[in-house]
Amino acid sequence: MGSHIVVTAQPKDSCEDLRAPATPSGAGESPKVYLKRFLLRPVFALCAAALFAGPASTAYASPLLQSARTKATAKRPASTTKRVAAKKPAPPPRLVGTTPVGAHSLAADLQSMLSARVKNGSWGAVVMSLSRGETLFSHNPDSPFLPASTLKLFTTTLAFERLGIHHTFSTDVLRDGDVSDGTLDGSLILRGGGDPALAGRYFGHEPEAPMRALAEMVSAAGIKRVTGDLVADGSAFEKRIIPDGWLARYLQDSYAARVSALSLNGNLLHVAITAGKSGKTAVTLRPAVSGYKIVNQSVVKGTSSSGRLSVSQRPGNTIVVSGWIGKRSGPRVYTVVVEDPAVFVASAFRAALENQGITIDGKIRFSPTPATAATVGSLSSPPLYQLAAVMNGESDNHFAELLLRNASRGAERGIVGSAELANEQLRALLSERAGVNPDALMIADGSGLSSKDRVTARAMTSLLSYANAAPWAREFHASLPVAGRTETLRNRMGNTPAQGNLHAKTGTTNDAIALSGFVTAASGELLAFSFLYNGQERGSARETIDAMGATLAAFSR
């Protein structure tokens, strides 16, 4: 039985969600509070004006009436000639899913959809029946594409494979010296383990809480004074803190935070400005950091609740605030991307120690931990499968970058983690176990933000097939957003057969939109799919992807 493409008219006031390429602080392709935003762009019809006069408007009148109207129009001043707006053209019909019966009809419908809306750009697509081991559809399956955040599926696979789903990450405090009468005769060390959960969201949503917890461990160990330095150890990861291929225009947005084994609160600093008395404002940094300088050029102006403020960062850990705020305005909080995470974390730890009454005689310095150092205390992360659910569900780039580098280190943590090493490991893993051509995969980061990432649709579906058969398949599936229900898919494919069924990883950048994951067809088959689009028609491409997802869910044979 055949099928056909179905279109329906859009509601007059319908809107189309497009994920913003730049995620403002507070929410992405962000943790959810920082990273994730959706930008609603109303779709307007173009309007044209038509002149209601002249021969065209009287084509079907009698010659006598035409003459009379022509004379009347000639006598009328030009400025008073009546104009009537033409009707607005109807919006283009919305592309929706079909109900194909049989593999041939499915392939025909999907192929038609690829060109029904999108006129420019390139598609890569593969649909596999995992239940039957059969490829149902392919379009440019071996062409390399920017994968956007669907690359996080590769990060998840490498992390689950090399670390195990119950693996945890730790941030440790150690001492290099002996303690006597409350004095540590030596240095105190903060060693980063690349824990993405070292953040206020896991400690009652208090930005200061993680460092305070570590400082309390130091106090509980009887240390009140350190005669040496505060040593920050971020040597677990490569020194590159901006992944290769990240564009300069991304770097001041919260979704593109710097990468370090010493990371705190997603490496974002919050700057709160409140209206004070006598025309002055108060500026507070959260978390509190030792050694940061605040240049406050802002003022209180008027009695309104509005304001116009600017927050910027200068070299030397200097935060500059300028502009004005009304007397009745509530606190205004701005987010700054930390330029040097190791300095930031060490400074926050020192401030927390000072708040516990612990003094450091020396300075902050950066060095690997001596082998003879003794552990004072540690904070551990939730298990990896929970972190992967945050990474994939919220499309959190910071989680992805830390998990990728941790995965490359392995459970023994004996080597330095890097994106380059992870790329080599992924190629080898998928070539050996999933039959993926190594040339079909090139990753420069763990999040998919890099302009140098390349993946083929065939490699993506081969990865999905491998993950579906792995011992950690349940956790892999559970980490993905669900159409019409959760996270980055909650507003997509609702009221279609895909709702509550299709679960997949989304991906959006300025140059790409993608969706890769799983759906159960009406026939009961489990399908794996990858839809990759590179080009500028992202809105139309997303509509196409959603229609194809609904079609897969309705497929039967």
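pLDDT is the predictor's confidence in each residue, on a scale from 0 to 100. The structure shown here is a predicted model, and its average pLDDT is 87, with 84% of the residues scoring at least 70. Residues 1-80 have a pLDDT below 50, and this stretch makes 161 contacts in the model beyond near neighbours in sequence. Where pLDDT is low, the predicted coordinates should not be read in detail.

**The five-stranded sheet**

One open sheet holds 5 strands in the order E8-E7-E26-E25-E24, and its pairing is antiparallel. Its edges are strand E8 (134-139) and strand E24 (503-509), each of which pairs on one side only. From one strand to the next, the twist averages 5 degrees. Within this sheet, strand E7 (residues 122-129) runs antiparallel to strand E26 (residues 526-534), and 8 bridges join the two. In this pair, Ala125 stands opposite Phe531 of E26.

A helix also belongs to this part of the picture. Helix H12 (residues 538-554) lies across E7, E24, E25 and E26. Its direction is at about 10 degrees to strand E25 (512-520).

**The three-stranded sheet**

A further open sheet has 3 strands in the order E15-E17-E16, with mixed pairing. Strands of a sheet pair through backbone hydrogen bonds, either parallel or antiparallel. Strand E15 (293-300) and strand E16 (307-314) are the edge strands, each pairing on one side only. Here the twist averages 5 degrees from one strand to the next. E16 and strand E17 (residues 318-325) run antiparallel and are joined by 8 bridges. Arg308 stands opposite Trp324 in E17.

**Helix packing around H8**

Helix H8 (residues 397-409) packs with helix H4 (residues 152-163), and H8 also packs with helix H7 (residues 384-394). The table gives the geometry of each pair.

| Helix pair | Angle | Axis separation |
|---|---|---|
| H4 and H8 | about 40 degrees | 9 Å |
| H7 and H8 | about 140 degrees | 8 Å |

The crossing of H4 and H8 is left-handed. On the H4 side, the contact involves Lys152, Thr155, Leu158, Ala159, Arg162 and Leu163. These meet Asn397, Ala400, Leu403, Leu404, Asn406, Ala407, Ser408 and Arg409 in H8. By type, the residues of this contact divide into 7 nonpolar, 4 polar and 3 charged.

H7 and H8 also cross in a left-handed sense. Angles over 145 degrees count as roughly antiparallel and 65 to 115 as roughly perpendicular; the angle of about 140 degrees falls in neither range, so H7 and H8 are oblique to each other. Leu384, Leu387, Ala388, Val390 and Met391 in H7 meet Phe399, Ala400 and Leu403 in H8. The residues of this contact are 8 nonpolar, with no polar and no charged ones. Ala400 and Leu403 of H8 take part in the contact with H4 and in the contact with H7.

**Two backbone details in loops**

Arg286 and Pro287 are joined by a cis peptide bond, with omega about 0 degrees. Pro287 is placed in the loop between strand E14 (281-286) and E15, and E15 is an edge strand of the three-stranded sheet.

Asp181, a residue other than glycine, has a positive phi, near 55 degrees. The loop that holds Asp181 runs between strand E9 (170-180) and strand E10 (183-191).

Terms used
Residues are numbered from 1 along each chain as its sequence is written. This is a predicted model: local features need pLDDT of at least 70, side-chain atom pairs count only at pLDDT 80 or more; totals for chains, interfaces and linings use all residues. Side-chain values use heavy atoms; hydrogens and water are left out. Axes are lines fitted to C-alpha atoms, for helices over the stretch in contact, and angles run from 0 to 180 degrees between N-to-C directions. Helices (H or I, at least four residues) and strands (E, at least two) are DSSP runs, numbered from the N terminus. A crossing is left-handed if the near helix is turned anticlockwise from the far one by less than a right angle, and right-handed if clockwise. Contact means heavy atoms within 4.5 Å. Ala, Val, Leu, Ile, Met, Phe, Trp, Tyr, Cys and Pro count as nonpolar, Asp, Glu, Lys and Arg as charged, and the others, Gly among them, as polar. Angles under 35 degrees count as roughly parallel, over 145 as roughly antiparallel, 65 to 115 as roughly perpendicular and the rest as oblique. Two strands pair if DSSP finds at least two bridges between them.
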